[in-house]
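Let's take a walk through this fold, one piece at a time. Have the viewer open as you read.

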Amino acid sequence: MKKIIILALALCLTAVGAEAKRWRAKHVVVIGLDGWGAYSVPRAHDIPNIRWLMEHGSYSLTERAVLPSASAINWASMFNGAPTEMHGYMKWNSQRPDIPSMIENERQKFPSVFSIMREQYPEAEMGCLVEWPGVLHVIDTLALNYWDRAEDYEQDPDHMTRLAERYILDKKPTLAAFCYVALDHEGHVSGHDTPQYYDKLAFLDKQVGRILQAIRDAGMWDDTVILMTADHGGKDNGHGGASIEEMQIPFVIWGRGIRQQGEISDVIMQYDTAATIAEVFRLRRPQAWRGQPIWSVFSRK
Ligand SMILES: [Zn+2]
């Protein structure tokens, strides 16, 4: 009996391993910058790492956030593959849906890219690090192996980067998301499109550079997809409205199986990010999702 169980287990592991070979890449790292308006990219100084990813991968500066253009709503759409009306998070700081989600998984959450990965690949290593804890309320954290907060980003600006470096080196995650809020904070304090805003973006580019280096040091470089995006942009000292400065966000993707084509003309919505990540791992997407993979970024295979 024991032998049969071991044999069955071995077959099962082999099957999972074989299926995982279909993946377009073994790792996806999402770097989300809260309050990163697409308007800022052409005007930004000193963002060499972001520009490198743009030039060597595919990008759009016309991805659109969902309304209202505020945080919890858009982080929910980014990871849950669906618009506001479906996941139900409607306020900037919603900790639970304001109207019931149209569908829930077994953990009473709208299905996220993390939860469908967990269901289809139970052994996947997944983590999410945040500076603003609100992100954790809108994704299915119980599907994660690891999450942590670095809320002291004003006193310790690279706290989250250190956590990210350690996580990458220790665990070589299958799917990791690092969500920085410092840029949004600068937008509220100093204003969007100000010298202080661009200085903060330059600082965050250095954090991106450290994450890229950690991916190299972990030996993951040739088998990773990096996706950079934002929840919303901003204007003057805030966001939440429907101006193009608040609604347009960058979408940057680079890595294994991603075409080097620079700017692309596809129409991209906030909820396409989850579907595009799901396609890297060739996951079955929930019927409830409205996001679509951005097919043009993938090399044919
Ligand atoms: Zn935000």
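At roughly what angle do the axes of helix H9 and helix H10 cross, and within what distance do they come?

## The H9–H10 pair

This is a predicted model, and here is what it shows for these two helices. The axes of H9 (residues 182–189) and H10 (residues 195–217) cross at roughly 170° and come within 9 Å. H9 and H10 are therefore roughly antiparallel to each other. On the H9 side the contact uses Ala182, Leu183, Glu186 and Gly187, while H10 brings in Gln196, Tyr197, Lys200, Leu201 and Leu204. Sorted by character, the contact residues come out as 5 nonpolar, 2 polar and 2 charged.

The loop between H9 and H10 holds aspartate 193. Most residues other than glycine have a negative phi. Aspartate 193 goes the other way, with a positive phi of about 60°. This aspartate is partly exposed, with 17 other C-beta atoms within 10 Å.

## The sheet and its edges

Next up is an open sheet of 8 strands with mixed pairing, in the order E4-E3-E5-E1-E6-E7-E2-E8. Strands E4 (146–149) and E8 (262–263) sit at the edges with a single partner strand each, so each has one side without a neighbour in the sheet. E8 pairs with E2 (residues 58–64) in the parallel sense over 2 bridges, and serine 58 stands opposite glycine 262 of E8.

Two helices are worth a look against these strands. H3 (residues 48–56) packs on the sheet and touches E2, E6 (224–229), E7 (248–255) and E8, its direction making about 70° with that of E7. H12 (residues 272–280) lies across E1 (27–33) and E6, and runs at about 180° to E6.

## Strand E5, covered on both faces

Is E5 enclosed or open to the outside? In E5 (residues 175–180), 6 of the 6 residues are buried, so the strand is largely enclosed by the rest of the structure. In a regular strand the side chains alternate between the two faces of the sheet. For E5, one side carries Leu175, Ala177 and Cys179 and the other carries Ala176, Phe178 and Tyr180, all buried.

E5 pairs in the parallel sense with E1 over 6 bridges, and glycine 32 stands opposite cysteine 179. E5 also pairs in the parallel sense with E3 (residues 126–130), over 5 bridges; there, glycine 127 stands opposite alanine 176.

Just ahead of this strand, in the loop between H8 (159–171) and E5, is lysine 172. Its phi is positive, about 45°, although it is not a glycine. Lysine 172 is partly exposed, with 17 other C-beta atoms within 10 Å.

## H4 and the core

H4 (residues 71–80) is mostly covered, with 10 of its 10 residues buried. Those residues pack against H5 (84–87), H6 (113–120), H7 (134–138), E6 and H12. After H4 comes glycine 81, with a positive phi near 65°. In the loop between E2 and H4 you'll find proline 68, and the peptide bond from leucine 67 to proline 68 is cis, with omega near -10°.

Finally, the core. The largest nonpolar core has 86 residues, and Phe114, Phe178, Tyr180, Val252 and Ala274 touch the most other members. Beyond its neighbours within four places in sequence, phenylalanine 114 is in contact with Phe79, Met126, Ile139, Asp140, Ala143, Leu144 and Leu175. One of those contacts, Phe79, is a buried residue of H4.

Definitions and conventions. Residues numbered from 1 in each chain as written. Predicted model: local features only at pLDDT ≥ 70, side-chain atom pairs only at ≥ 80, totals over all residues. Core = buried A, V, L, I, M, F, W, Y, C linked by C-beta atoms within 7 Å. Buried ≥ 20, exposed ≤ 12 C-beta atoms within 10 Å, placed from the backbone. Contact = placed C-beta atoms within 7 Å. Pairing = 2+ DSSP bridges. Helix = DSSP H or I, 4+ residues; strand = E, 2+ residues; numbered from the N terminus. Axes fitted to C-alpha atoms, helices over the stretch in contact; angles between N-to-C directions. Parallel < 35°, antiparallel > 145°, perpendicular 65-115°, else oblique. Nonpolar A, V, L, I, M, F, W, Y, C, P; charged D, E, K, R; others polar.
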